[in-house]
Amino acid sequence: MLSLPAWKCPEWTLNASQVNTSSPEFIEEWQKRIRELQGAIMVASCVQMLVGFSGLIGFLMRFIGPLTIAPTISLVALPLFDSAGSDAGIHWGISALTIFLIVLFSQYLKNVMVPVPVYGRRKKCHISRFNLFQVFPVLLALCLSWLFCFVLTVTNTLPESPTAYGYMARTDTKGSVLSQAPWFRFPYPGQWGLPTISLAGVFGIIAGVISSMVESVGDYHACARLVGAPPPPKHAINRGIGIEGLGCLLAGAWGTGNGTTSYSENVGALGITRFCTSSCTRLLPFWPRLDHHRDEVGVSQLTLCSQTSSGNHLWSAAETKM
């Protein structure tokens with residue numbers, strides 16, 4: 001939607017290092033785009049809730065299979081190559097270092113046990129071994145790459161001229177953001193003003209919502225398969241899509257500038273880390289049940305896991321973002 005000529009950013013806003021982000025002109029430039037997104041997201045989310053809570057997505061499951069999901073996810077990801085290439089092209093050396101570290105930690109050092117201090121009720125303070133590289137491969141890679149950029153910035157190895165290649169890899173290019181940001185801020189609905197609605201924006205977001213629903217169905221099945229759970233039933237998928245629509249409605253009202261959906265990247269994180277970011281429960285996704293049975297494999301809204309009758313976790317998963 002924002003690629004339309006009416007919403008293209010003015011030339012004077014393209015160089016972030018030379019823009020006064022606190023000026024009223026710049027604030028109005030991005031806030032009016034957020035308001036347009038708010039209105040489009042809120043209208044499109046109503047369509048998603050209707051499709052989910054009415055059971056229509058469950059009826060359409062007979063037409064949604066691997067041959068439908070795979071091309072849809074591929075088409076969703078293809079436009080991201082431009083953004084990824086532009087961001088990585090700020091400094092290809094740093095980008096290559098980050099990719100190398102992620103591959104190194106997640107594929108070659110994943111079985112290395114790192115001793116870490118742990119406190120427990122029984123053993124009190126003691127040293128335990130932890131799969132640090134398997135659980136935090138991306139976070140560790142980003143932290144080390146940022147630290148490397150910080151060293152290059154302090155030593156002035158990276159160029160100081162804003163127009164030079166590699167300048168944006170410096171860690172002090174946006175140092176004023178922290179000093180200008182308020183200590184406390186409480187978001188609220190309509191914080192950027194009254195949302196605006198346009199036909200082009202609504203249809204553009206609805207197209208994204210349709211592809212998001214197809215992608216979410218694939219995410220549900222992929223997560224269930226990774227943890228050894230049975231495929232989620234139709235009514236669970238209906239509720240999942242409906243709740244995602246509700247999340248989009250709330251995100252639009254609060255003006256986040258984006259919708260909410262199942263996060264395919266975290267499905268990949270599940271395969272890499274095999275680790276749980278929150279306590280496992282034995283519920284199918286978006287399937288509210290109160291009964292629990294022994295020897296049951298289950299999936300919850302936020303976490304995927306597998307449990308034996310003794311309660312031991314065989315598989316775990318990262319959270320699926322909504």
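Which residues does Thr153 touch, not counting residues up to four places away in sequence? The contacts are Leu158, Arg170, Thr171 and Asp172. This is a predicted model.

**Thr153 and its surroundings**

Thr153 sits in helix H7, which spans residues 137–154. Its relative accessible area is 7%, so Thr153 counts as buried, the cut-off being under 20%. One of its contacts is also polar: the Thr153 side chain reaches the backbone nitrogen of Thr171 at 3.2 Å.

**The loop after H7**

Asn156 belongs to the loop between H7 and helix H8, the latter covering 176–180. Is Asn156 buried, partly exposed or exposed? Asn156 has 44% relative accessibility and is therefore partly exposed. Its backbone also stands out: phi is positive, about 60°, although Asn156 is not a glycine. Most residues other than glycine have a negative phi.

**Overall architecture**

The protein has 322 residues, and 37% of them count as buried. Its secondary structure comprises eleven helices and five strands. Take the contacts with a separation of 6 or more: 65% of these join residues 24 or more positions apart. The accessible surface is about 19,300 Å². Carbon and sulfur atoms hold 67% of that surface.

**Annotated segments**

The unreviewed UniProt entry carries the annotation "transmembrane region" for residues 40–69, 89–109, 130–154 and 192–210. Thr153 is at a position inside the 130–154 range of that record. Two of the annotated segments are described below.

| Segment | Helix content | Strand content | Distance between end C-alpha atoms |
|---|---|---|---|
| Residues 40–69 | 73% helix | 0% strand | 25 Å |
| Residues 89–109 | 81% helix | 0% strand | 28 Å |

Neither segment contains strand: the value is 0% for residues 40–69 and 0% for residues 89–109.

**A nonpolar surface patch**

Six residues form a nonpolar patch on the surface: Phe53, Tyr188, Ile243, Leu246, Leu250 and Trp254. Together they offer about 550 Å² of accessible area. Which helix gives the most to this patch? Helix H10, residues 234–254, does, with four residues. Leu250 is found in H10. Its relative accessibility is 45%, so Leu250 counts as partly exposed. That value also clears the patch criterion of over 30% relative accessible area. Phe53, another patch member, falls within the annotated range 40–69.

Definitions and conventions:
Residues numbered from 1 in each chain as written. Predicted model: local features only at pLDDT ≥ 70, side-chain atom pairs only at ≥ 80, totals over all residues. Heavy atoms only, no water. UniProt positions renumbered as here; feature names shortened; annotations may be inferred. Helix = DSSP H or I, 4+ residues; strand = E, 2+ residues; numbered from the N terminus. Buried < 20%, exposed > 50% of the residue type's maximum accessible area, 1.4 Å probe, protein only. Polar contact = N/O pair within 3.5 Å; in protein donor to acceptor, adjacent residues only side chain to side chain. Contact = heavy atoms within 4.5 Å. Areas by Shrake-Rupley, 256 points an atom, 1.4 Å probe, with all protein chains shown as cover. Patch = residues over 30% accessible without salt bridge, like charges linked within 9 Å, V, L, I, M, F, W, Y side chains within 5 Å. Salt bridge = Lys/Arg side-chain N within 4 Å of Asp/Glu carboxyl O.
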